[in-house]
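Biologist: Hello! Could you show me how to read a protein model, one feature at a time?

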Amino acid sequence: MDKTFDALLARMHELRDLGGLIALATWDQETYLPPKAAESRAFQLSTVQGLHHERLVDPRLGELLAWAVGNPDLTDDQRAMARVLGEERDRAVKVPKALVQALAEAQSRGLVAWREARKENRFSAFKPALERLLALRREQADAYGHGGERYDALLEVYEPGMRVARLSPVLSALRDNLIPLVEALQSAPRKVEDLFVGRNFDPEAQWRLTLRLLGDMGFDLEAGRLDKSIHPFSNGQHPMDVRLTTALEEGALSALFSTLHEGGHGLYEQGFSPAHHRTPLANAPSTGLHESQSRLWENQVGRGRSFWTHYFPVLRETFPQALADVDLDTFHTAVNRVSRSLIRVEADEVTYNLHIVLRYELELMLIRDELPLDELPAAWNERMRRFLGVTPPDDTQGVLQDIHWSWGEFGYFPTYALGNLYSASLYRAAQRAMPGLEEGLARGELKPLREWLRTHIHAEGYRLPAEELVRRVTGQGLTDVDFLAYLKSKYGALYGVTL
């Protein structure tokens, strides 16, 4: 057997190429796949994921990785590539191919069942598919191995090194800080109107503006594309092929913020070092760190006054009738309006993490088999009342609102909250490093921030664990201090209260 790094690199390329095809098929499933093709796509994904699994667990790859671990002549990057792929393979060899294929098929069927359940506004129509996905994920967690907490094994896929024992206190503390913060803002004497009620924004004009924003951010539209979907998402097959989607609504401007959000993901995917393309290092070290990029662009930038100093005149020119009676300050306050809303993807910065904690607590109970599925909608509604003071009127606006469980993505939701925490720390570090950052944003100069992030985060790829990389850039690891300080300063000023 040829034991050289070139031989190992060829295996890395093959695995990345197969992964790219899987990603492309799932992107197509959410955008252009004809409804009657859902069954065939389920089989196709099952087959290709099975092939990927076979190649990953191939004993010859194991021999190459063992050779690389003990080779002192490899570069730091080469050792990092072998380490990351070795960790992925160690998990994969524990999972039978039949389970991999069963999960792929269950995910495709789960997506179809979720869509139908939403149409019928009936959780019971989704329940059998969810039950199947939960059973398979528990089986997968047991195959991976854990110290008695199945959720740890699933969390490892998205947030390597994170454990329930550490995560639960972080999210519980965040919840306990946010509930009274929301109450204080809702009780503030200064009220913020819902500016968008009764206003119409032409979807095609919104579409053109989203493309402009992506270009201004520095997203390369010749190495990626933007499409429309019900649920905005991003998908990177390769740094030269990054797919984004956004959702357009005539009565809102949410497409602008979802485009900034997905654009943040897209910049990360396009920003990996060319030396790492088609290798395991062309990856974020955690989903939470990836999410920090989207939240930073959507919120710290996209809901900041500096950003709108430049873009509000553009917006008024695009929608002169809808915004004729609105000035910059009114608009900026309105896009930061805090409300106890039902829908996570429409939630403001202050309430958003409460939606995440709700999902985390419920899926932790589901994986532990502590919550019967028949009781899931009621448990969801009870936490909505307790955390946010609202009750979903139906399943579509409640337990069926997210796509993630239809994919069996248990362990994914907490990464949104971790991304919010990381984003605040990273943006604060960027402000320290670039004293003129806000003035530049007010002139519409978005690319300097893109370049700072590319240098300090994106180009590093998976060289370091997520928290270690954040600590190197900001001087500290995971903390809620910067995030809570950011919320209290910003929203205290907007609502005229001391928080």
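Modeller: We will go through domains, a helix, salt bridges, an annotated residue and a hairpin. One thing to keep in mind is that this is a predicted model.

Biologist: Let's begin with the whole chain. Into which domains is the protein chain divided?

Modeller: The assignment gives domain 1 (1-93), domain 2 (95-140) and domain 3 (145-498). To see how two of them sit together, look at centres and contacts. The C-alpha centres of domain 1 and domain 2 are 24 Å apart, and 17 residues of domain 1 contact 13 residues of domain 2.

Biologist: Now a helix, please. How many residues does helix α8 have, and what does it reach from its first C-alpha to its last?

Modeller: Helix α8 runs over residues 164-186, which is 23 residues, and it reaches 32 Å. That is close to the 33 Å expected at 1.5 Å a residue.

Biologist: Which residues of α8 are buried?

Modeller: Here is the general idea. An α-helix has 3.6 residues a turn, so residues three or four places apart point the same way. Now the case in this structure: the buried residues of α8 are Val164, Leu167, Leu171, Leu174, Arg175, Leu178, Leu181, Val182 and Leu185.

Biologist: What do the buried residues of α8 pack against?

Modeller: They pack against five other helices in your view: α7 (150-158), α14 (349-367), α15 (376-388), α16 (414-433) and α20 (481-495).

Biologist: I noticed an arginine in that buried list. With which residue does the side chain of Arg175 meet in a salt bridge?

Modeller: Its partner is Asp176, at 3.0 Å from N to O. Arg175 counts as buried because its relative accessible area is 16%, and the cut-off is under 20%. Asp176, at 44%, is partly exposed. The pair also belongs to a network, in which salt bridges with shared partners join Arg175, Asp176, Glu361, Glu382, Arg383 and Arg386.

Biologist: How many salt bridges does the structure hold?

Modeller: There are 44. One of them brings together the side chains of Glu467 and Arg166, at 2.8 Å from N to O. This pair links distant parts of the chain, with Glu467 in helix α19 (residues 466-474) and Arg166 in helix α8, 301 residues apart. Glu467 is buried at 19% relative accessibility, while Arg166 is partly exposed at 37%.

Biologist: Could you give me one more pair to practise on?

Modeller: Try Asp142 and Arg150, whose side chains meet in a salt bridge at 2.8 Å, N to O. Asp142 is partly exposed, with a relative accessible area of 38%, and Arg150 is partly exposed too, with 26%.

Biologist: Next, annotations. Which residue does the UniProt annotation "active site" cover?

Modeller: The label comes from an unreviewed UniProt entry, and it covers Glu262. You can find Glu262 in helix α10 (residues 254-270).

Biologist: Is Glu262 buried or exposed?

Modeller: Glu262 is buried, with a relative accessible area of 6%. Leaving aside residues up to four places away in sequence, Glu262 touches Pro232, Phe233, Ser234, Leu244 and Thr245.

Biologist: Let's finish with strands. In what sense do strand β2 and strand β3 pair?

Modeller: A useful general idea is that side chains in a regular strand alternate between the two faces of the sheet. Here, β2 (residues 234-238) and β3 (residues 241-246) pair in the antiparallel sense over four bridges. A hairpin of two residues joins β2 to β3, and Gly236 has Val242 in β3 as its bridge partner.

Key. Residues numbered from 1 in each chain as written. Predicted model: local features only at pLDDT ≥ 70, side-chain atom pairs only at ≥ 80, totals over all residues. Heavy atoms only, no water. Expected span 1.5 Å × (residues − 1). Buried < 20%, exposed > 50% of the residue type's maximum accessible area, 1.4 Å probe, protein only. Contact = heavy atoms within 4.5 Å. Salt bridge = Lys/Arg side-chain N within 4 Å of Asp/Glu carboxyl O. UniProt positions renumbered as here; feature names shortened; annotations may be inferred. Pairing = 2+ DSSP bridges. Domains from an automatic or database assignment.
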